[in-house]
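Hi,

Here is the structure I promised to send over. Have a look first, and then read my notes below.

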Amino acid sequence: MIIYNVFFTKMLLSFFLGASLYFTLIINKFNWVKNPHHLLTFFLIPPIAFSITTAISDNLALSLGMIGALSIIRFRNPVRSPLELTCYFFLITVGIVVNVTYKNAILLTLLIIVIISGVKIISKFIPFLNNFLNLSTEKINIVEARFSKNIDQLNNSKNLLFHSLSNEGDKQIYSYRIQLNELFDLNDMLKLKPIDYAVYKEDS
């Protein structure tokens with residue numbers, strides 16, 4: 001009975017550690033996790049990883065067989081970003097570590113939470129970091145605009161993603177691809193009087 005109590009306690013702990021990462025991402029506005037698929041993934045992977053490691057920990061033959069069985073399982077869905085892949089790796093890792101030492105699993109989770117929250121908080125007070133890091137994989141606003149002359153303000157902007165020069169008849173057309181944010185919005189772009197422009201969203 002004591003063994004089963006320890007097993008279920010550790011399984012419950014692995015569940016809460018996965019859930020804590022999920023809600024940390026929600027609080028820090030990583031909106032790509034706001035769907036039932038990611039919610040269940042973050043809740044289920046740690047207990048599953050814990051159960052597997054518990055089952056094979058004392059049986060060498062079963063461990064070798066499990067390696068072969070797990071080798072045919074892989075993520076078929078596209079991963080949105082390196083951060084998402086890191087989260088999956090964390091969820092598996094924390095499930096394994098709970099089986100070995102629950103204290104290390106808790107410390108690992110707290111460290112990840114502090115890093116994610118800390119970087120997000122710091123980036124709010126430092127505009128350069130906010131633009132440079134852009135950790136969330138939310139949709140960002142992009143504007144593509146064309147001008148009849150070279151725009152030095154855009155050439156020197158940190159929001160500049162791409163620019164090119166082309167000829168249309170006897171005219172030179174300067175094209176710019178700019179990320180819109182709090183420091184440079186669509187109104188700022190329109191003040192530069194583009195020939196035409198288009199706004200769309202893409203993953204950050």
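Which residues form a nonpolar patch on the surface? They are Tyr102, Ile106, Leu107 and Leu110, and together they have about 370 Å² of accessible area. Keep in mind that this is a predicted model.

Leucine 110 from that patch sits in helix 5, which covers residues 102-125. Its relative accessibility is 46%, so leucine 110 counts as partly exposed; the cut-off for exposed is over 50%, and buried means under 20%.

Now for the inside. The largest nonpolar core has 21 residues, and Leu21, Leu25, Phe42 and Leu91 are the ones with the most contacts inside it. Helix 1 (2-27), helix 2 (36-56), helix 4 (82-100) and helix 5 are the elements that give two or more residues to this core. The top contributor is helix 4, with seven residues. If you want one residue to click on, try leucine 21: leaving aside residues up to four places away in sequence, leucine 21 touches Phe42, Cys87, Phe90, Leu91, Ile112 and Ile116.

There is also a second, separate core of 13 residues, with Val143, Ala145, Leu154 and Met189 among them.

Last, the strands. Strand 2 (residues 160-168) pairs with strand 3 (residues 171-179) in the antiparallel sense, over eight bridges. Phenylalanine 162 stands opposite arginine 177 in strand 3. The two strands form a hairpin with two residues between them, and glycine 169 in the turn has a positive phi of about 70°.

Cheers

Definitions and conventions. Residues are numbered from 1 along each chain as its sequence is written. This is a predicted model: local features need pLDDT of at least 70, side-chain atom pairs count only at pLDDT 80 or more; totals for chains, interfaces and linings use all residues. Side-chain values use heavy atoms; hydrogens and water are left out. Patches are made of residues with over 30% relative accessible area and no salt bridge: like charges are joined within 9 Å, nonpolar side chains (Val, Leu, Ile, Met, Phe, Trp, Tyr) within 5 Å. Accessible areas come from the Shrake-Rupley method with a 1.4 Å probe; for residues, only the protein chains shown count as cover. A salt bridge is a side-chain nitrogen of Lys or Arg within 4 Å of a carboxyl oxygen of Asp or Glu. Helices (H or I, at least four residues) and strands (E, at least two) are DSSP runs, numbered from the N terminus. Buried means under 20% relative accessible area, exposed over 50%, partly exposed in between (1.4 Å probe, protein chains only). Two strands pair if DSSP finds at least two bridges between them. A nonpolar core is a set of buried Ala, Val, Leu, Ile, Met, Phe, Trp, Tyr and Cys residues joined through side-chain atoms within 4.5 Å. Contact means heavy atoms within 4.5 Å.
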